[in-house]
Amino acid sequence: MAVTEDATAIAGELAQLRRAIHAEPEIGLHLPLTQQKILAALDGLPLEITLGSALSSVTAVLHGAGNGPVVLLRADMDALPVTERTGLDFASGIDGTMHACGHDLHSAMLVGAARLLSARQADLPGSVVFMFQPGEEGHGGAKFMIEEGVLDAAGKRADAAYALHVASAELRAGVFSTREGPMMAAAEALNITVHGRGGHGSQPHHAADPIPVASEIVTALQVVVTRNFDIFDPVVITVGSFHAGTTNNVIPDEARLQVTIRSFSAASRDLVREAVVRLVHDTASAHGLTATAEFEGSYPVTVNDQREARFATQVVADLLGEDRFSPQLNPMAGAEDFSFVLDLVPGAFVMLGACPPPVDPATAPFNHSAFAVFDDMVLADGAALFTELAVRRLTR
Ligand SMILES: [Zn+2]
Ligand SMILES: [Zn+2]
């Protein structure tokens, strides 16, 4: 039977699984309840399953009939610290935690693909690795899974890797999108502290005031962006937090800034990391103060392999029709830790619209919103695409 028909036949069960995961969301690297649900859903399939040690990951390997290539398919499983306000009847039952990025759908779609591919085991000339990953939202879960061997789980290195990501806005439900090259930004979190010397507000010459120095750093960071980077290889720097002092007549000892930096090429990423640290140190030093600049966790640029992105585009068109694909013109400024996988294995990160009709995707609340709604109707198509990508890539 055709992949799409098989996927439609299990759509109800996938929706049930998705809703169960949605109702009981978990954050970070340890998702025991979600892990249990995935394991129960995979039970009885001819898979070799290993669980993570540093995180509650599930790696499932399906060995086909031949010793051919290895394809890795990835779903992230974690939720966000958001209080859900969708009013859905399967809304989060855990206060302050919500599947606001649709990772509940990814998990269900990958379970669907595991079922569909298991049914085709005898016809597969190679192996498929199913990567169920915790901690995508800022915890670098993919990095931990790579360290624990997910890329070699089938006995040799994966030849290609694919991930799907749903969007609650911008794309019509059921429409896939991707691009060749940079797909999502690199993200760096930077903590800056300007160290001065506190004193009386009336006698700044007896103190070393960190506030004007930190202020100069804030504006100078924007000058760095416009004077050092090609406008066609952009960089974004945002100071999202600035804290110093307690009252009007006391000069504080220090000022703290929290900064996010986005870039879209490895070269710009290296350059901006270096330029920002130099600027912080030298600006402080110009005023006789010192400053520290520390990077705290970062994701590289998510780069789609040209050939694999074209292949994924072709598979969408062949499987579901050309009207179900919309090219992504520019990379997205969000970041993804699937970037760690794509740094080592050629592959593609593909978006899937999940905005529930008749809501207009142009105005719908986007991923991470407390109001973001993702439609179950896309689960069958997502599972079918994962399946078809693996089948065709193994026989390519
Ligand atoms: Zn997210
Ligand atoms: Zn996400």
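**Two zinc ions and two pockets**

Along the chain, the donors of the zinc ion (ligand 2) follow the spacing C-x1-H-x61-H. Donors here are N, O and S atoms within 2.8 Å of the metal (3.2 Å for Na, K and Ca), and water is not among the atoms, so sites may look incomplete. The model is a predicted one, in which local features need pLDDT of at least 70, side-chain atom pairs count only at pLDDT 80 or more, and totals for chains, interfaces and linings use all residues, while side-chain values use heavy atoms, with hydrogens and water left out. Residues are numbered from 1 along each chain as its sequence is written, with chains lettered from A and ligands numbered from 1 in the order in which they are written.

Put names to that spacing, and the zinc ion (ligand 2) turns out to be held by Cys101 (SG), His103 (NE2) and His165 (NE2), at 2.1 to 2.5 Å. Cys101 sits in the loop between strand E3 (70-76) and helix H4 (103-118) and His165 in strand E5, so this pair ties together parts that are 64 residues apart in sequence. Helices (H or I, at least four residues) and strands (E, at least two) are DSSP runs, numbered from the N terminus. Cys101 and His165 are both buried, and for Cys101 the relative accessible area is 8%. The word buried stands for under 20% relative accessible area, exposed for over 50%, and partly exposed for anything in between (1.4 Å probe, protein chains only).

The zinc ion (ligand 1) has Cys101 (SG), Glu137 (OE) and His368 (NE2) as its donors, at 2.0 to 2.3 Å. In sequence these donor residues are spaced C-x35-E-x230-H. Cys101 coordinates both the zinc ion (ligand 1) and the zinc ion (ligand 2), and the two ions are 3.1 Å apart. Here too the chain is linked across a long stretch: Cys101 is in the loop between E3 and H4, and His368 is in the loop between strand E15 (347-355) and H10, 267 residues away. His368 is partly exposed, at 41% relative accessible area. His368 also has a positive phi of about 85 degrees, although it is not a glycine.

The loop between E15 and H10 holds another oddity, Pro358. The peptide bond from Pro357 to Pro358 is cis, with omega near 5 degrees. After that loop comes helix H10 (residues 379-395), whose 17 residues reach 25 Å from the first C-alpha to the last, close to the 24 Å expected at 1.5 Å a residue. That expected span is 1.5 Å times one less than the number of residues in the helix. Of those 17 residues of H10, 14 are buried, so the helix is largely enclosed by the rest of the structure.

As for disulfides (a pair of cysteine sulfur atoms within 2.5 Å), the count comes to zero. Cys355 is not in one, and the nearest cysteine sulfur, belonging to Cys101, is 15 Å away. Cys355 is buried, with 3% relative accessibility.

Now for the pockets. The largest has a volume of about 660 Å³. It is lined by 29 residues, and Glu136, Glu137, Tyr299, Ala335 and Glu336 are the closest to its centre. On a 1 Å grid over the protein atoms alone, a pocket is an open set of points where a 1.4 Å probe fits, with protein on both sides within 12 Å along at least five of seven lines, and lining residues have an atom within 4 Å of a point. Points are joined across faces, edges and corners, and the volume is the space filled by probe spheres set on them. Helix H5 (141-147) and strands E8 (186-195), E12 (254-263) and E13 (290-299) each supply at least two residues of the lining of the largest pocket, and E13 gives the most, with four. By type, this lining splits into eleven nonpolar, eleven polar and seven charged residues. Ala, Val, Leu, Ile, Met, Phe, Trp, Tyr, Cys and Pro count as nonpolar, Asp, Glu, Lys and Arg as charged, and the others, Gly among them, as polar.

The second largest pocket has a volume of about 170 Å³. Its lining is made of 13 residues, with Glu170, Leu171, Ser177, Gln328 and Met332 nearest its centre. Strand E5 (residues 160-172) gives the most to this lining, with four residues. The 13 residues divide into nine nonpolar, three polar and one charged. Glu170 belongs to strand E5 and is exposed, with a relative accessible area of 61%. Glu170 has a positive phi as well, of about 75 degrees, although it is not a glycine.
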